[in-house]
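User: I'd like to learn how to read a model like this one feature by feature. Could you walk me through it?

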Amino acid sequence: MKKKNKYPFHRGQRVRRKGSKTKKYGIIMSNDWYTIGDKETCRIPGGPLIMEGFIAIQWTIRGKKFICMDKAKDFETF
């Protein structure tokens, strides 16, 4: 049986890319792996699509907020 990966972050936590020396950071937007679809209204066979190993991060760029999907292993807390 395959071991399920543990989610490394929690919602609202500040993260930045590993090895980055800048003060720029993103904010985690979910409590679990990136999920496409809602459990109750999803039409994808087998339920919503869970992208294990990916997280949702909100970045602020020039005053505008963007939500991106990135690999969890590329980020660290500060």
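User: Let's start with one residue: where is the place of Ile27?

Analyst: Before that, a word on the ground rules: this is a predicted model, where local features need pLDDT of at least 70, side-chain atom pairs count only at pLDDT 80 or more, and totals for chains, interfaces and linings use all residues. Residues are numbered from 1 along each chain as its sequence is written, and side-chain values use heavy atoms, with hydrogens and water left out. Strands are DSSP runs of E, at least two residues long, and helices are runs of H or I, at least four, both numbered from the N terminus. Ile27 sits in strand β2, residues 26–28.

User: How many helices and strands are there in the protein chain?

Analyst: Zero helices and seven strands, so the pattern along the sequence reads β-β-β-β-β-β-β. The C-alpha trace spans about 40 × 35 × 15 Å along its principal axes.

User: How do I read strand pairing, and which strand does β1 join?

Analyst: Two strands pair if DSSP finds at least two bridges between them. Here β1 and β2 run antiparallel and are joined by two bridges; Arg14 has Ile27 as its bridge partner in β2. β1 also pairs with β7, again in the antiparallel sense, over three bridges, and there Arg16 is partnered with Glu76.

User: How many bridges join β5 to β6?

Analyst: Eight, and the two strands run antiparallel. Ala56 has Met69 as its bridge partner in β6. The two strands form a hairpin with two residues between them, and Arg62 in the turn has a positive phi of about 55°.

User: Now charges. What is the general idea, and how many salt bridges does a search of the whole structure find?

Analyst: Side chains of opposite charge can pair when their charged atoms come close. The cut-off used is a side-chain nitrogen of Lys or Arg within 4 Å of a carboxyl oxygen of Asp or Glu. Searching the whole structure turns up two such pairs.

User: Which residue forms a salt bridge with Arg16, and why does the pair tie distant parts of the sequence together?

Analyst: Glu76 does, with the closest N and O atoms 3.9 Å apart. Glu76 lies in strand β7 (residues 75–77) and Arg16 in strand β1 (residues 14–17), so the pair links parts that are 60 residues apart in sequence. That's also the pair you met as bridge partners.

User: And which residue forms a salt bridge with Arg17?

Analyst: Asp70, with the closest N and O atoms 3.7 Å apart. Asp70 lies in strand β6 (residues 64–71) and Arg17 in strand β1, so this pair ties together parts that are 53 residues apart in sequence.

User: Are Asp70 and Arg17 buried or exposed?

Analyst: Buried means under 20% relative accessible area, exposed means over 50%, and partly exposed is in between (1.4 Å probe, protein chains only). Asp70, at 16%, counts as buried, whereas Arg17 is partly exposed at 39%. Over in the other pair, Glu76 is partly exposed at 29%. For the whole chain, 21% of the 78 residues count as buried.

User: Which residues make up the largest nonpolar core?

Analyst: A nonpolar core is a set of buried Ala, Val, Leu, Ile, Met, Phe, Trp, Tyr and Cys residues joined through side-chain atoms within 4.5 Å. The largest one has 10 residues: Tyr7, Phe9, Val15, Ile28, Trp33, Ile55, Ile57, Trp59, Ala72 and Phe75. Strand β5 (residues 54–61) gives the most to this core, with three residues.

User: What does Ile57 touch?

Analyst: Contact means heavy atoms within 4.5 Å. Not counting residues up to four places away in sequence, the partners of Ile57 include Val15, Gly26, Ile28, Phe66, Asp70 and Phe75. Asp70, under the same rule, touches Arg17, Gly53, Phe54, Ile55, Ile57, Trp59 and Phe75.

User: Is Gly26 buried or exposed?

Analyst: Buried, at 0% relative accessibility. Gly26 is found in strand β2, and its contacts beyond four places in sequence are Gln13, Arg14, Val15, Ile57, Gln58 and Trp59.
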